[in-house]
Each structure stands twice: as C-alpha cells, then as structure tokens.
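Visitor: Please pick one part of this model and go through it closely, then carry on to the packing elsewhere.

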Amino acid sequence: MNELAQLVDELCDRSTGDELWRNLEDTGLARLTSGQGAGPAEAAIVLSGLARHAAAAPIAETDLLAVWLADKAGVSIPDTGPLTVAMADTAEIDGRLRGTVHDVPWPLSTVVLAVRTADALHVAAVEDAQAVDGHNLAGEPRGSVAFDMAVGDMHAVDPGVADELIRRGAWARCNQIVGALDAACDLTVGHTGERVQFGRPLSKFQAVQHSLAAMAGEIERARAAAALAVAAAADYGFAHPATDYAVTAAKVAVGRAVNPVTTIAHQLHGAIGVTAEHRLWRTTMRARSWVDEFGTTTQYARRLGRMALAAGDPWDVVVSYPAAR
Amino acid sequence: MSDFDALCANDGELAQLRTSIRDFLAADRAEFGWQPAVDSWLAKWDPDFSARLAAAGFVGLTIPADYGGLGLGYLHRYVVTEELLAHGAPVAAHWIADRQVAPALLSYGTEEQRGRLLPQIAAGRLYSAIGMSEHGAGSDLAAVQTRATRTDGGWLLRGSKVWTSGAHVAHQIVVLARTSPLDPEHRHAGFSQFIVLTSAPGLTIEPVVLMNGEHHFNEVLFEDVFISDEDVLGQIGDGWHQVTAELGFERSGPERILSTATLIFSAIRALGDVDDGVAADVGDLVARMISLRQLSISVARTLADGGDAATRAALVKDLGTRFEQDSVELVADLLDYVQDAEPLRALLADARVHSPLFTLRGGTNEVLRGVVAKGMGVQ
C-alpha cells in the first residue's frame, strides 16, 4: 500500500496535465479497479494521493464511475482516455429522453450518460457531448451536458444502479477531500513555521497552535469516517447496506470538516493564500467544490438522521449499520 | 474477519460480548430500576450495581485471571465501557479503580499489592480515588506541593488535594506527591505515587459541592499521614512517568465521547415524525458521534498493539469533550419538536450542570491542544 502511495507521489512530482494522465494510464492507475483488479482500498489511496497534490486528473470519474457503469450496462467505451458520467432524472416523452445535466465533472471527455426514469436507468456513451465549458472554484473542468436521445438507443439497467453510482461518487469525493485537507494542513504547518511576525514564527503563538490543533482534529475525525467507508466498500462492495451507511456517515463527517479546515488554513496563511500564484487555494477550493458533489452534506445528514430515527435504539446506528445482522 | 466489523469494534468475540453486556444491562435495569443518567461515570455511585456487574463478569476485564480478572484485551474493555456509558449505567463506584488503578498496579505495582487489590477491584468492591490536582496545581500538575518525607518503615504525607472525585466514599486514594525537592531545571523529577487508605489517621476529607448541590468532588487534607513502604506504588521518583505513561488510554476512551449519550438517544427516541431540517440535525449529531467513535477506536487499536498515539489520543479528548458539550444545547433545540419533553428536562438539567466539567477533567482542552500542536511539530 505504501508503494502505491509512493508511486502516486512520484508521478505527481514529475508530471501534470496530459502528461500526468498518460503516466497514470501507463502505470495502470487510471483504471485501477476496473482494469487492474484492484479494490476500493487501493482506489482510496490513489484518490487521496492525487488530491494531496491537487492533481487535475479525473480518475474517480473514469475508473470508479464511467467504466463501472458502462460495464454494468453493457455500453462500449474507449479503452483509454479520461471518461466521465453525467446523471439526470427525467421522464420519457415520445420515446425520447431530453434534458441538460449541470456541473458535470470533466465534461469534455467521453461522457457516459445515465438518465433515470421511474422504472430504469438508461445508459449510453456520448462521444461528442454538447458540453458547455466551465470550471469549479479550483479550476477543474465542470460543465453542462445537453442530451436528446431515443430510449431505444440506450441500455436500460435497474434504477437501483443509480443509487450505487451516486454512492461511488460520494465515496470518491470523501477520500479526495481528506487528501486535499491533508495538503492544506501541511501547507499551513509549513507557512506558520516560516512566516515571522513580532520577531518569531507564527507557530510559536499559542493562539496559532490552537488553531492548528483544531484543524488537525477536524481532519483526523474526517479520516476516521472515510476509513470506515473504505473498509465497508472493500469488504462488502458498494451495493451493500454497510457501505451505504458508512458512506452516508462519512459524507457528513468529511463534509462538516471542510469549512473549519479551509477557514483556518486561509486565516493562518494571511491574504497570500487567496492569490493566483499560491498553492493553498488549489487544495481548499477543491475541497469546497467537491463537498457539494454527489449530494450535499445536508442531504446525507438528513439520510443519516432518518436512519437513527427509524432505529429502535439510535446507539445501534452509532456502532454499525442498521440492518438485520 | 471483516475490517469493517473490526473498525466498528463489532467483530467475533467483541460482538458476542456486546450482546451479553446489553442483555445484562436490560435485565438488571428491569429488576433493580436504575435510571439511565448523563455523566454516570462521575455521578452515579451504586455499590450494589458495581458488585452485580462484576459478578456477571464485566469488571476487571483486562485484569489477568490469576488476580481474579478475565484476562481479556483492551478492546473487550472498550466495548463493555462504551455499552455501559451509552446506557447511562450507574458505574461510578468501581470506575476509577477499574479504569485507572488496575492498569497502574499491573504496570508498576508489587506482587503483594496486586494480590491484595486486584481481586477486590475485579469483584467491583474496591473504590478508589485519584489524588492529583491541588489548589496551586491544576493544568500545571508539576506544581504539586504535597510532600512525602521518609520515616521509619515508610513515609509521612503532608499537603492537600482537591477535585478528588469520590474520595468521601472511596476506600483509598492514589496520591501523587513530591519525594524530593523541586529542581527548577527538571520539574517533572522527584514525584512518587502512594496508595493511601481514606481511613488513615491524619487524613480528612471536606466536600466541594457542585452548584446544584451534588457532592462528587472533595478536598483531601494530609497531616503527616503515615504510609508504609508496602503502599508505595511503583518506584520512588518515577511518579511523573507513571501518571503520564498511560494517559493515552484515558484520553481517548469512550468516556470522552459518551457522557451525554443517554440524553442524546432519549431525545432521538422521543422525536416522532419530524421534518427534513430536524432529521438533518439528528444526522449531524449522529455523524459526529460515529466519526469520533471511529477515531477513538482507531487510537484504542493502536495503543492495544503497543503503538504510540499520544497526539491522536489528545485529539480525541479535545474533539470528544467539545462534542459532549455541544450536544447538550443541540439536544435542547431538538426538544422543541418532542411531544412530551418533560421527562427529558431532568436529564438536560443534569447535563447542563456537568457540561463545563467535560472539557476540564483529566487535562483541560487548552493543554491538550498544546499537546497536539507539539505532535504536529510546531511547538
């Protein structure tokens, strides 16, 4: 596992952009779970490692979402290159599905379109998506994809597949956010150790130390929740209720860590952290953008709350997933 | 074995143990009628419960069988501890002896001390207090001035301790005292630990009463209390090391997360049909508990494997006790949506009185954040 993390570090240290993508493909990391037989534990290491480096590469979208969904639906996709998924809910009208999906990550790649109707999830690969170009706060590609397809041209799978697709996305974002927050923390520890004011480094001030400790606490708590989600996916797969539970809890715990960690990181950096030339915002703004994807923190909090309210004893939901064991 | 179940402390033997302690608690409560309480590990002193719990095999879990214990692992104890707290059981009488004194005896005690004290602890019949803080030595524990001086066959203890929980009902107090004069260059040197019977001549106990009239804390005065050599705990001069070495266990345990669990769970159970906003508030509370518990268990596993988790243990206590505090007012808000909130008001009132203590006892959160910062390499 350490070797995998080191490989990610090494690739990110020596390449960015298209070159990084090629390196990720050459080493098999681009399709680790779909092509290399690796599992969620390995995927989590790669995703958090890439996020630590603020690497711009749609590995989650390609490996965990698009290839998986295309396989599930029997849709053929290119063997190489970045992929993404665009998900929409709509109703069939005159045998066609029409609509626009917003905030699609990496919309200029091949898009695996997933349109959920009342009775099925309709899947198709779209090579020349009508994408409107845009980006998130950290500069990662985000855009709108319009679609207008005949139902007969798409492959239908059980609508429950959509739930797993969203869960996979949320799971990936949790691991990515932990990586981004780790990087923000490292940068902040480094900055406060170097920046001198009043004749001493910022980190010598007790108020600063307490902020650093608060930041570390939020991150460790988020990491612990994400680790449970990784274990659940590795043990039981993404379709299992244990994974549903652990991802739900992690999405809330990780989501609630983003604001305090981001706020403290910027506060302790001073204004330099928001300038174009500085690296900090590339981690903090990734975390801020990712946190709303595949369901907001509040949506997952509501879901976890409903689980606890429905349980005979809410303590059971704290200990493990609420299901007949 | 599944990693997921292991992370939930719910695999194999641990899951069985969890079921048996739950069964015991349900049956015992049905028969003896105790009410689940907040902060029960400080506030609910019930010697009969402690004895029944021990008889059923849930005290002295990590004490070896040779000394009357069960010889189980630290995670077994973790499971029993969290179940007791989650159900608000009246555990205060045996708590400190089982949690702190037994491990100290196993690490530093003499064979004679172990043989004499551990079986009684495992039977839930020995109650101990810990005498650390003094009027001038709170967060700065190295400022302790209580002094033990050498005399024939033992030591004479002189000084005072304060905030000594349960001393007025305990059999003994484990006291930290200076045995050599303060060396300003090595403030942590020259401390030793003594096991002092509360019945010893020269020892007096005065109550320190809480704002609501509850009596848990005490001031303990030692006026040349004689302590025989048999009651020295560990090595003379090693007291500081002995009291700090196992802080990780104490700082990261379930009692730093679950002091208000009874209030939280009672409130959630009392909520009927609620709107999405309230459901999200409940989910946020539960997510904080789950993530804190996960962090706490991961520290417990590291410590049980002999690893170093000092920084993360301090983090658990800082985060966990702040959660305990926050939870009280979050629940107060939830009560707005409970049809008949009256039965919960008493729990809420208790929690509000005890809440300031959560972030003070066993080391203030300000001190803990200093420990964390040091662990991050910035101090």
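Guide: An open sheet in chain A has 4 strands (DSSP E runs of at least two residues, numbered from the N terminus, as are helices, H or I runs of at least four) in the order 1-3-4-7, with mixed pairing (at least two DSSP bridges per pair). Strand 1 (83-89) and strand 7 (155-157) of chain A are at the edges with a single partner strand each, so one side of each lacks a neighbour in the sheet. From one strand to the next the twist averages 25°. The model is predicted: local features need pLDDT of at least 70 and side-chain atom pairs 80 or more, while totals for chains, interfaces and linings use all residues. Residues are numbered from 1 along each chain as its sequence is written, and chains are lettered from A and ligands numbered from 1 in written order.

At one edge, strand 7 of chain A runs antiparallel to strand 4 (residues 121-126) of chain A, and 3 bridges join them. One of these positions is Leu121(A), whose bridge partner in strand 7 of chain A is Val157(A). Helix 5 (residues 59-73) of chain A packs on the sheet and touches strand 1, strand 3 (110-116), strand 4 and strand 7 of chain A. The direction of helix 5 of chain A makes about 65° with that of strand 1 of chain A (N-to-C directions, 0 to 180 degrees, axes fitted to C-alpha atoms, for helices over the stretch in contact).

Between the chains, the contact (C-beta atoms, placed from the backbone, within 7 Å) takes 42 residues from chain A and 40 from chain B. On the chain B side, two or more residues each come from helix 1 (3-7), helix 10, helix 11 (276-304), helix 12 (310-334) and helix 14 (365-375) of chain B. Helix 11 of chain B gives the largest share, 17 residues. By class, that side has 23 nonpolar, 8 polar and 9 charged residues (nonpolar: Ala, Val, Leu, Ile, Met, Phe, Trp, Tyr, Cys, Pro; charged: Asp, Glu, Lys, Arg; polar: the others, Gly among them).

Helix 10 (residues 261-270) of chain B also packs against helix 13 (residues 342-358) of chain B, at an angle of about 150° and with the axes 10 Å apart. Helix 10 of chain B contributes Thr262(B), Leu263(B), Ser266(B), Ala267(B) and Ala270(B), and helix 13 of chain B contributes Leu344(B), Leu347(B), Leu348(B) and Ala351(B). These contact residues divide into 7 nonpolar, 2 polar and no charged.

How values were computed
Two residues are in contact if their C-beta atoms, placed from the backbone, lie within 7 Å.
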